Structure formats: structure tokens, C-alpha cells
Amino acid sequence: MAIQKMDYIWFNGQLVEWDQANIHVLSHVVHYGSSFFEGIRCYETPRGTAAFRLTTHIERLFKSARIYRTEVPYSLAQIVAAAKETARANRLRSGYIRPVVYRGFGTIGVDPTPCPVEVAVATIEWGKYLGAESQEQGVDVCVSSWNRLAPNTLPSLSKAGGNYLNSQLVKMEALRDGYSEGIVLNAQNQVSEGSGENLFVVYEGTVITPPVGASILMGITRDTVIHLLHEMGIEVREQAIPRELLYIADEIFFTGTAAEITPVRSVDRLAVGTGQRGPLTAEVQAAFFALVQGETEDRHNWLEYIAEG
Ligand code: PMP
């Protein structure tokens with residue numbers, strides 16, 4: 001989906017015209033992948049537009065940078081405020097906020113520390129990530145021939161730009177072979193996640209998701225879904241998932257800011273359950289959308305209203 005320009009981007013401390021938010025081609029990030037980023041969805045609610053779990057996302061941005069010993073030159077509160085200010089300036093109603101911290105122009109060597117740490121926040125309009133019908137019909141996925149980042153190589157708990165080279169290999173292969181997405185195995189050849197989504201499996205009444213140590217990103221939608229299931233009286237087991245469980249699962253769904261909650265209807269051309277969205281997936285989706293759209297009680301204060309400074 002091509003990006004539609006909006007009016008402004010927050011660029012190193014101030015709003016600038018969209019076309020003015022540019023960096024030099026010799027910026028460290030262009031050569032070495034030295035960036036950290038977030039994606040936050042905004043939804044229209046009865047009380048106005050709300051960014052879902054904005055502060056949690058910005059906290060993760062700081063943690064991603066910290067793993068790489070990168071000091072963000074703004075406070076958490078400043079970046080949260082910048083996100084809201086940008087959304088307001090662009091009159092975003094529903095869509096996506098993309099903050100990025102990166103190493104700018106300085107030296108050509110690998111060491112990032114001499115290069116300035118810069119920050120930008122953009123907003124864009126964004127619909128359904130895996131296709132318009134995907135959330136009802138489900139998506140067809142494969143198990144990728146690529147593995148996920150091995151432990152102690154590129155740390156997967158950091159949402160770093162460079163990690164997404166792995167995701168690009170996974171996504172391109174899946175699309176080339178006629179699938180919507182790939183499920184990636186980790187270095188132990190157990191299930192980790194999709195190229196940009198976490199994964200849940202329902203098997204004989206039990207809900208299972210790979211644990212934090214399985215080379216996943218600690219997804220904020222994953223956490224939200226664990227809370228929602230808990231509130232529905234269903235506990236989620238965080239445990240290693242062997243590849244073949246995917247082929248005998250009753251239901252599988254992806255979670256992510258972009259994908260929201262998307263059912264998986266087949267893996268490697270084998271139908272998941274009946275090949276249609278499963279009942280638990282539908283129930284979690286309903287609870288999720290009611291929450292993010294402000295239709296149910298926001299008991300965790302996860303809706304952060306854009307209109308409020
Ligand atoms: N895993 C990866 C690799 C991702 O890129 C994302 C998207 N940020 C997720 C999982 C889901 O995370 P979240 O629910 O926080 O968007």
C-alpha cells in the first residue's frame with residue numbers, strides 16, 4: 001500500500017512539512033540498520049480518536065534503544081506528546097503512528113556512537129495489513145524456509161530496523177509462493193512468530209503462544225490478547241511450539257498492531273481446523289475491537305486520546 005502524504009512530520013523536536021523530513025544518504029542508519037521504531041494504531045471512539053497503548057509502545061521504543069546502548073535525546077513524555085501532536089496536526093482519525101529513532105550523519109565506521117541520535121514521528125492512514133477480508137476469512141500461510149534471529153545474534157526483543165531484513169526474507173518468500181505470510185521457526189526449529197506478528201495456537205481447548213525466549217518480539221497486541229483471554233476465563237500457556245502442532249491445531253491466529261487479530265486458515269496448504277475462522281478467534285477479535293473502539297470499559301487505561309495534550 002503506497003504511503004499517502006500527510007501534512008507534517010515531527011522531526012527532531014518540531015513539526016516540519018512532510019517533504020522537509022529528510023536525512024543524508026551517508027547517515028549511519030542507511031548503511032548499518034541502526035534504528036528502532038514503533039507502530040501504534042489509532043481508532044475512532046465515541047470520545048474521539050485514541051492511540052491504543054501509546055505509552056507502552058513508546059516504553060518499548062526506549063527499551064529497544066537501550067539494548068543497543070542508545071540514549072534517546074527526548075523523554076518518554078516528550079515522545080508521547082510528539083505522537084499526539086503529529087496526529088492532531090495531520091487530523092488523523094484512524095490510522096497509524098510511526099516513531100523512529102535512528103543514528104544520523106557523522107562517521108562512516110561501524111561504531112554508531114559518534115553519530116547523532118535523531119527522532120522522527122510520522123502518521124499515516126492504514127487499513128487492514130493482511131488484506132481487507134483477512135480478519136473474517138483468515139489467511140493462507142507457510143512455514144518459512146528461513147529461520148528467525150538466533151539468540152545472542154540480533155536481539156529479537158529490540159524492535160530494531162536491522163531485524164527486519166530477516167522479516168523481509170520471510171515475507172518476500174511467502175508472497176512469491178502465493179501465501180499472505182510466513183511463520184518462522186527459531187534456531188531450535190520451534191515456532192517463533194510471523195514476519196511482523198505474534199502467533200497463538202488453540203489445541204484441544206488450550207491456548208498456547210511461544211514464550212519470550214523463543215526469538216519473538218514481545219508484542220503489545222500479544223499482551224493485550226493474553227489479558228483479554230484471562231478476562232474471558234481462559235489462561236494462555238507460554239510454551240515451546242513444535243512445527244507439527246501447526247498442522248493439527250484447531251485454530252491459529254496472528255496478533256500485531258498492523259495485523260490486529262488475523263485468523264490463519266491454512267498452513268502449508270493444510271486447513272487449520274475447519275478452514276474457517278475458529279470460535280475462540282472470533283470471540284477474542286470481538287473483545288479486542290470492542291476495546292480499541294471504546295465500546296467496552298477501558299479498565300487498563302489503554303486508550304490514549306489524541307485530543308488530550
Ligand atoms: N513480531 C514482530 C517481528 C513484529 O514486527 C511485530 C509488530 N510490531 C509483532 C511481533 C507484533 O507486535 P505488536 O503487537 O506490539 O505490534
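This is a short tour of the ligand, the pockets and the cavities in the structure above.

**Before you start**

The model is predicted, so local features need pLDDT of at least 70, side-chain atom pairs count only at pLDDT 80 or more, and totals for chains, interfaces and linings use all residues. Residues are numbered from 1 along each chain as its sequence is written, and side-chain values use heavy atoms, with hydrogens and water left out.

**Stop 1: the ligand**

Select the ligand. Then show the 17 residues around it. A residue counts as near if one of its heavy atoms lies within 4 Å of the molecule. Tyr164, Glu193, Ile220, Thr221 and Thr257 come nearest.

Now look at three side chains. Each offers a polar contact (a pair of N or O atoms within 3.5 Å; within protein, one must be able to donate a hydrogen and the other to accept it, and residues adjacent in sequence count only if both atoms are side-chain atoms).

- Tyr164: a side-chain N or O atom is 2.5 Å from an oxygen atom of the ligand.
- Thr257: a side-chain N or O atom is 2.6 Å from an oxygen atom of the ligand.
- Glu193: a side-chain N or O atom is 2.7 Å from a nitrogen atom of the ligand.

On its own, the ligand has 380 Å² of accessible area (Shrake-Rupley method, 1.4 Å probe; for residues, only the protein chains shown count as cover), and the protein covers 95% of that.

Colour helix H2 (54-67), helix H6 (220-231) and strand E14 (251-256). Each supplies at least two residues of the shell around the ligand. Helices (H or I, at least four residues) and strands (E, at least two) are DSSP runs, numbered from the N terminus. The shell has three nonpolar, nine polar and five charged residues. Here Ala, Val, Leu, Ile, Met, Phe, Trp, Tyr, Cys and Pro count as nonpolar, Asp, Glu, Lys and Arg as charged, and the others, Gly among them, as polar.

**Stop 2: the ligand's pocket**

Which pocket holds the space taken by the ligand? It is the second largest pocket. A molecule sits in a pocket or cavity if more than half of its atoms lie within 2 Å of its grid points. On a 1 Å grid over the protein atoms alone, a pocket is an open set with protein on both sides within 12 Å along at least five of seven lines; a cavity is a set of points where a 1.4 Å probe fits but cannot get out; lining residues have an atom within 4 Å of a point.

The second largest pocket has a volume of about 620 Å³. A volume is the space filled by probe spheres set on the points, which are joined across faces, edges and corners. Select Tyr129, Lys159, Tyr164, Ser195 and Gly196: of the 28 lining residues, they are closest to the centre of this pocket. Helix H5 gives the most to the lining, with four residues.

**Stop 3: the largest pocket**

The largest pocket holds about 1100 Å³ of space. Of its 42 lining residues, Ser35, Phe37, Arg98, Val100 and Gly161 are closest to the centre. Strand E6 (95-103) gives the most to this lining, with five residues. The lining has 28 nonpolar, 11 polar and three charged residues.

**Stop 4: the cavities**

The structure holds two cavities of 30 Å³ or more. The largest has a volume of about 80 Å³. Its lining includes Arg41, His57, Thr257 and Phe288. H6 gives the largest share, three residues.

The second largest cavity holds about 50 Å³. Select Asp250, Pro263 and Gln276, which are among its lining residues.
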